[in-house]
Amino acid sequence: MTASAAVRVPAGPFGPPCELVNVDGRIVGSDAARVSVHAHVLSYGTGTFEGIRAWWNADHGQLYLSAAPAHYERLHRSAQILGLSLPFAVDELVAMTVDLLRANDVRTDAYVRPLLVQTGDVLPVRMHDVAARLSIAITPIVGDYADPAGLRVMVSTWRRQADTAIPARAKVVGSYVGPSLAKTEAARAGYDDALLLTADGYVAEATTSNVFVRIGDTWHTPPGTDDILEGITRAEVMALLDETRIPLQQRRIHRSELYTADEILLCGTASTVVPVVSVDGRAVGDGQPGKTTAELRDALRAIARREDPRHPEWTTPVYEEAGQ
Ligand code: PMP
């Protein structure tokens with residue numbers, strides 16, 4: 001067997017991961033943060049995680065962490081649901097993340113991955129009495145995660161897992177097998193992404209984002225009880241719609257409503273907001289990205305970089321502000 005050259009080619013929009021990581025509150029090199037092949041999580045997916053974005057603003061010379069408290073509150077809820085111990089408060093986790101971004105001197109957009117997983121020995125299957133470990137790692141973002149020109153999506157043959165099988169509102173490591181299968185099914189069929197239905201056939205969400213559907217003047221999004229991950233971006237989109245007095249209903253959505261919708265958007269931390277231009281080959285509206293979708297995308301990105309004065313409470317500056 002020939003040894004492969006140690007060349008790191010960035011995969012998609014991501015650069016090579018940052019060298020320094022935080023493990024159980026201490027900053028160490030990535031090499032010191034390896035897990036054993038015996039780790040429980042590797043066999044069973046027993047753990048939970050978050051995905052947080054940081055946005056670089058070159059004019060401000062500042063990096064802004066986006067919605068970090070909301071993400072760490074969800075990590076706490078996920079840990080509580082799984083029965084995992086998370087020995088750091090939300091404000092401590094935010095401070096640890098700021099310190100880690102500084103330690104790596106990150107001055108570009110970045111993706112932050114907090115991970116609370118069972119690293120204790122593999123046997124037997126259970127959630128209790130297994131050692132767990134919290135890590136935080138950073139990956140620079142060098143491109144666009146999803147095409148802002150609009151996504152062509154299909155309704156997957158795979159269903160979103162029911163909350164009765166794997167807690168849906170917890171961001172569980174092992175629960176990403178389903179979305180991975182759905183994404184690959186979609187890619188092989190020539191689509192950009194997939195929408196998953198609940199076990200009883202209502203629209204739940206896309207592989208790694210929530211969905212909003214405009215029918216006439218009113219937007220609709222599935223309720224938290226339809227087996228979705230209750231997205232942080234979803235909550236921000238709901239707040240912006242409310243503030244601009246655009247009507248929104250949380251209600252169950254039929255698959256056939258997707259085929260006659262006037263506008264559809266997907267939203268999530270990685271992509272922010274992206275338009276859906278077709279579902280199962282049927283054009284959404286006139287087949288072009290919708291106006292409200294474009295406005296929401298621009299607004300969320302401008303708020304994230306503090307180019308828009310609204311909601312400074314959604315962002316945390318990473319570096320010392322001048323004059324402080
Ligand atoms: N659903 C799933 C399954 C996801 O993985 C994500 C991404 N975290 C979302 C929805 C969107 O959530 P958020 O806006 O918090 O990133």
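How do the residues of the shell around the ligand divide into nonpolar, polar and charged? I began my notes with this point, and I keep in mind throughout that the model is predicted. The shell divides into four nonpolar, nine polar and four charged residues.

**Entry 1: the ligand and its neighbours**

I looked up which residues stand around the ligand, and found 17 of them, with R74, Y176, I232, T233 and T269 coming nearest. I then asked which elements give two or more residues to this shell, and the answer was α2, α5 and β14.

**Entry 2: polar contacts of the ligand**

I next went through the polar side-chain atoms that face the ligand, taking the oxygen atoms of the ligand before its nitrogen. A polar side-chain atom of Y176 is 2.5 Å from an oxygen atom of the ligand, and R74 likewise places a polar side-chain atom 2.8 Å from an oxygen atom of the ligand. For E205, I noted that an N or O atom in its side chain lies 2.9 Å from a nitrogen atom of the ligand. I also looked up how much of the ligand is covered, and found that the protein buries 96% of the 380 Å² that the ligand exposes when taken alone.

**Entry 3: the largest pocket**

Where does the ligand sit? I found it in the largest pocket, which holds about 740 Å³ of space. I counted 39 residues in the lining of this pocket, and those that lie nearest its centre are Y145, T207, T208, S209 and A270. Two or more lining residues come from each of α2 (68-82), β6 (110-118), α4 (177-188), α5 (232-243) and β14 (263-268). By type, the lining of the largest pocket divides into 17 nonpolar, 13 polar and nine charged residues.

**Entry 4: the second largest pocket**

I then turned to the second largest pocket, where about 440 Å³ of space lies. Its lining has 19 residues, of which A33, R113, L115, S135 and A137 are the closest to its centre. Which element supplies the largest share of this lining? I found that β7 does, with five residues, while α1 (40-44), β6 and β7 (132-140) are the elements I noted as each supplying at least two. The residues of this second lining divide into 12 nonpolar, three polar and four charged.

**Entry 5: an element to revisit**

I marked β6 for another look in the structure, since I had written it down for the lining of the largest pocket and again for that of the second largest pocket.

Technical notes: Residues numbered from 1 in each chain as written. Predicted model: local features only at pLDDT ≥ 70, side-chain atom pairs only at ≥ 80, totals over all residues. Heavy atoms only, no water. 1 Å grid on protein atoms, 1.4 Å probe; cavity = no way out; pocket = protein on both sides within 12 Å on 5 of 7 lines; lining within 4 Å. Points joined across faces, edges and corners; volume = space filled by probe spheres on them. Helix = DSSP H or I, 4+ residues; strand = E, 2+ residues; numbered from the N terminus. Nonpolar A, V, L, I, M, F, W, Y, C, P; charged D, E, K, R; others polar. Near = heavy atom within 4 Å. Polar contact = N/O pair within 3.5 Å; in protein donor to acceptor, adjacent residues only side chain to side chain. Areas by Shrake-Rupley, 256 points an atom, 1.4 Å probe, with all protein chains shown as cover. Sits in = over half its atoms within 2 Å of the grid points.
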